Structures are given as structure tokens and as C-alpha cells.
Amino acid sequence: MILVTGATGNVGRQVVDQLLEAGERVRATSRDPARAGLPAEVDVRRADLRDPDTLPAVLDGVDRAYLFPVPGQVGGFLAAARKAGLRRIVLLSSQAVTFDPRDVIGRAHAEYERAVEESGLAWTFVRPGAFMANDLAWAPAIRADGVVRAPYGRAATAPIHERDIAAVAVRALLDDGHAGRAYELTGPESLTAVERVRLIGASIGRDLRYEEQPPDEARRQMATHTPPAIVDAVLSILASAVGAGAPVLPTVEEVTGRPAASYTRWVGDHAADFR
Ligand SMILES: NC(=O)c1ccc[n+]([C@@H]2O[C@H](COP(=O)([O-])OP(=O)(O)OC[C@H]3O[C@@H](n4cnc5c(N)ncnc54)[C@H](OP(=O)(O)O)[C@@H]3O)[C@@H](O)[C@H]2O)c1
């Protein structure tokens with residue numbers, strides 16, 4: 001039995017689907033199973049990583065786990081996992097661990113990785129760069145008036161489809177040969193925000209406009225739902241990505257045997273969100 005935490009998240013949902021496709025028995029956690037909307041064959045159980053008492057019941061009988069790292073709660077999960085006899089763990093980490101060591105996002109993920117290494121469990125780290133799914137934040141504005149207002153339109157990333165991140169995690173869950181490996185992942189092309197807006201427009205058949213948003217305005221807006229230190233880190237990563245192409249890595253294809261999905265393919269998979 002394989003446990004998937006954060007199973008209602010961008011990556012977690014895909015991990016669940018791909019494990020089922022591979023014929024595995026899957027247990028998934030949600031803080032609210034009734035609203036999780038996961039496939040019927042999944043054993044969905046309530047767990048909150050902030051409440052260690054909920055963990056033994058979800059870890060019982062499980063030998064491998066995909067871990068979505070809830071900030072500050074990785075140690076508690078690992079202690080419960082060791083007690084329950086978990087054998088292997090695949091941690092959703094971040095490419096930010098390879099960035100400037102002062103970056104708070106990278107530092108947090110490096111700490112989770114260290115805790116997993118020290119747990120004694122066999123591990124694999126999945127370190128994606130920017131998610132294509134971040135651009136779902138543009139969907140309401142695109143549906144409303146077709147104008148995307150965002151900062152650093154010329155900052156390039158090589159964003160990755162959540163399905164490809166999950167595909168690498170699933171390979172690592174199914175094959176012990178991936179133990180001890182850290183996989184840095186990107187999508188297949190370097191794209192600026194301006195270019196991504198253009199690709200969304202071409203894909204849904206509408207003329208969309210990108211409007212450069214001053215960083216301070218973006219900072220205020222993001223701070224309504226994201227901790228200020230994270231907002232600063234995200235804006236500083238974008239600022240440093242202006243005017244340079246983002247490196248494209250071959251890891252998805254190397255691990256899964258299939259090329260990473262294009263941005264246009266991702267937009268097609270989310271067309272209903274943008275229309
Ligand atoms: N966005 C990027 O560009 C990017 C790049 C690299 C790395 N990352 C990393 O990727 C991760 C985000 O992955 P994601 O987008 O797949 O996640 P997500 O969509 O944010 O979903 C995570 C899920 O975790 C569950 N959750 C939240 N708090 C919880 C708690 N206290 N206990 C148990 N479950 C909890 C929630 O499910 P329920 O509500 O059902 O419980 C939620 O659906 C972060 O660690 C981020 O740093 C992101």
C-alpha cells in the first residue's frame with residue numbers, strides 16, 4: 001500500500017491517478033475527505049500533518065509514501081512513519097534548494113530534505129522548478145477581461161506540468177533503484193510570462209494582453225494570501241530571471257522515458273479553467 005499525502009494538491013492528485021493506472025493500492029490523505037473528490041478506489045483518510053495523532057491510522061499497513069511537506073511538520077510525519085515501519089519516502093522538494101542559500105524557499109526545502117535523510121528511511125527527492133500550474137492564478141482575469149497583470153513579464157522560467165512531476169515521483173515510488181537520488185526537474189522550454197500569456201491566448205482562441213505590474217503592487221496583492229518572506233523570495237527569483245533564458249533539464253525524459261509536456265499541452269489540459 002502506498003500513501004499519498006497532499007493528495008488533493010496539484011501534484012498529489014496526479015500521483016494518485018498514476019499509481020492507480022500502475023495497478024497499485026493507494027491510500028490518500030486530506031484534511032477533509034468528504035470534499036477530496038478522489039477516485040472511488042482510493043482509501044481516503046483524514047489527516048492533518050499539524051496534528052500527529054491523526055498519523056498512525058493513515059500510516060498503518062503502508063510501506064511507501066509520497067510526502068507533500070507541510071511547513072514545520074515534516075519531522076512529526078517522519079517520526080510517525082518510522083514507528084509505523086515505512087520503508088521508502090518520495091519527498092516533493094524544490095529546485096530552489098540549488099539557488100542562492102539565502103533564498104527562504106530553498107532553505108525551507110533543504111531543511112525538509114535533511115530531516116528525511118536523517119530519518120534513516122530510503123528516500124528520493126523530487127525537485128521541480130516553477131509549476132505551470134502557478135499560471136492558474138491568471139485564469140480569473142483571463143475569463144473576466146483577457147488582461148493579465150503580473151510583475152516581471154520578461155522573466156523566463158522553464159515551467160513544468162504537474163503530471164510530469166508526479167510521473168517522476170511515481171517512478172521513484174515503484175522502483176527502489178531511485179533511492180538516494182535527487183531529481184531536479186524543469187519543463188521542456190524557457191518561456192517568459194509575456195510568452196506564456198500569448199500561448200494561452202493562441203490555445204483558447206482569444207486575444208489576451210499582458211500588462212506589466214509594478215513589483216510593489218504585486219507584493220501587496222500576493223501578501224494577502226502568502227507570507228511576506230515567501231512573496232519577497234518569489235519576486236526576487238523573478239527579478240533575477242529577467243532577460244536570461246532559463247535552463248532546460250532532460251530529467252523528466254531520463255526518468256520516465258517520455259519527454260516533458262509543453263506549455264501548450266498544459267494549457268489544453270486546463271482549457272476549461274481559462275475559458
Ligand atoms: N509552485 C511552484 O512553482 C513550486 C515549485 C517548486 C516546488 N514547489 C513546492 O511544491 C509544493 C506544492 O505542491 P502542490 O502544488 O502539489 O500542493 P498544493 O496544490 O498546494 O496542495 C497541497 C495539499 O496539501 C494538503 N495540506 C495542506 N495543509 C495540510 C496539512 N496541515 N496537513 C495535511 N495536508 C495538508 C491540502 O489538501 P487538503 O486540503 O485536502 O488537506 C492541499 O491540497 C510546495 O512545497 C512548494 O514549495 C512549488
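The exercises below, each with a worked solution, examine cores, salt bridges, ligand surroundings and single residues in one predicted model.

Residues are numbered from 1 along each chain as its sequence is written, and side-chain values use heavy atoms, with hydrogens and water left out. Because the model is predicted, local features need pLDDT of at least 70 and side-chain atom pairs count only at pLDDT 80 or more, whereas totals for chains, interfaces and linings use all residues.

**Exercise 1. The nonpolar cores**

Task: Identify which residues of the largest nonpolar core touch the most other members, and which helix gives the most to this core.

Solution. Begin with the term itself: a nonpolar core is a set of buried Ala, Val, Leu, Ile, Met, Phe, Trp, Tyr and Cys residues joined through side-chain atoms within 4.5 Å. Buried stands for under 20% relative accessible area, exposed for over 50%, and partly exposed for what lies in between, with a 1.4 Å probe and protein chains only. The largest core has 49 residues, of which V15, V16, W138 and I200 touch the most other members. Helix 6, residues 162–174, gives the most to this core, with 7 residues; helices (H or I, at least four residues) and strands (E, at least two) are DSSP runs numbered from the N terminus. A second, separate core holds 24 residues, among them L55, A65, A81 and W123.

Next, take W138 and list its contacts, that is, heavy atoms within 4.5 Å. Once its neighbours within four places in sequence are left aside, W138 is in contact with V148, A150, A193, R196, V197, I200 and Y263.

**Exercise 2. The annotated span**

Task: State which residues the UniProt annotation "domain: NAD(P)-binding" covers, and describe that span in the model.

Solution. According to the UniProt record, an unreviewed entry, this annotation covers residues 6–175; UniProt positions are given in the numbering used here, feature names are shortened, and annotations may be inferred rather than shown by experiment. In the model, the end C-alpha atoms of residues 6–175 lie 21 Å apart, and the span is 36% helix and 18% strand.

**Exercise 3. Salt bridges**

Task: Work out how many salt bridges there are, and which partners D176 and E113 have.

Solution. The criterion is a side-chain nitrogen of Lys or Arg within 4 Å of a carboxyl oxygen of Asp or Glu, and by this rule the count comes to 17 salt bridges. D176 pairs with R87, the closest N and O atoms being 3.1 Å apart. This pair links distant parts of the chain, 89 residues apart, since D176 is in the loop between helix 6 and strand 9 (182–185) and R87 in the loop between helix 3 (74–84) and strand 5 (88–92). D176 is partly exposed at 41% relative accessible area, and R87 is likewise partly exposed, at 38%.

E113 forms its salt bridge with R127, with the closest N and O atoms 2.8 Å apart. E113 lies in helix 4 (residues 104–118) and R127 in strand 6 (residues 122–128), so the pair ties together parts that are 14 residues apart in sequence. Both E113 and R127 are buried. Finally, salt bridges that share partners join E24, D63, R64, R87, R88 and D176 into one network.

**Exercise 4. Around the ligand**

Task: Determine how many residues surround the ligand, and which side chains or backbone atoms approach its oxygen atoms.

Solution. With a residue taken as near when one of its heavy atoms lies within 4 Å, 23 residues surround the ligand, the closest being T8, S30, R31, H109 and N134. The side chain of T8 has an N or O atom 2.7 Å from an oxygen atom of the ligand, and for the side chain of S30 the corresponding distance is 2.6 Å. In G9, a backbone N or O atom lies 3.4 Å from an oxygen atom of the ligand.

**Exercise 5. Two loop residues**

Task: Is Q95 buried or exposed, and where does Y152 lie?

Solution. Q95, which sits in the loop between strand 5 and helix 4, counts as buried at 13% relative accessibility. Apart from neighbours within four places in sequence, Q95 contacts R127, P128, G129, E184, L185, T186 and L249. Y152 lies in the loop between strand 7 (147–150) and strand 8 (156–157), and although Y152 is not a glycine, its phi is positive, at about 55°.

Definitions and conventions
A polar contact is a pair of N or O atoms within 3.5 Å; within protein, one must be able to donate a hydrogen and the other to accept it, and residues adjacent in sequence count only if both atoms are side-chain atoms.
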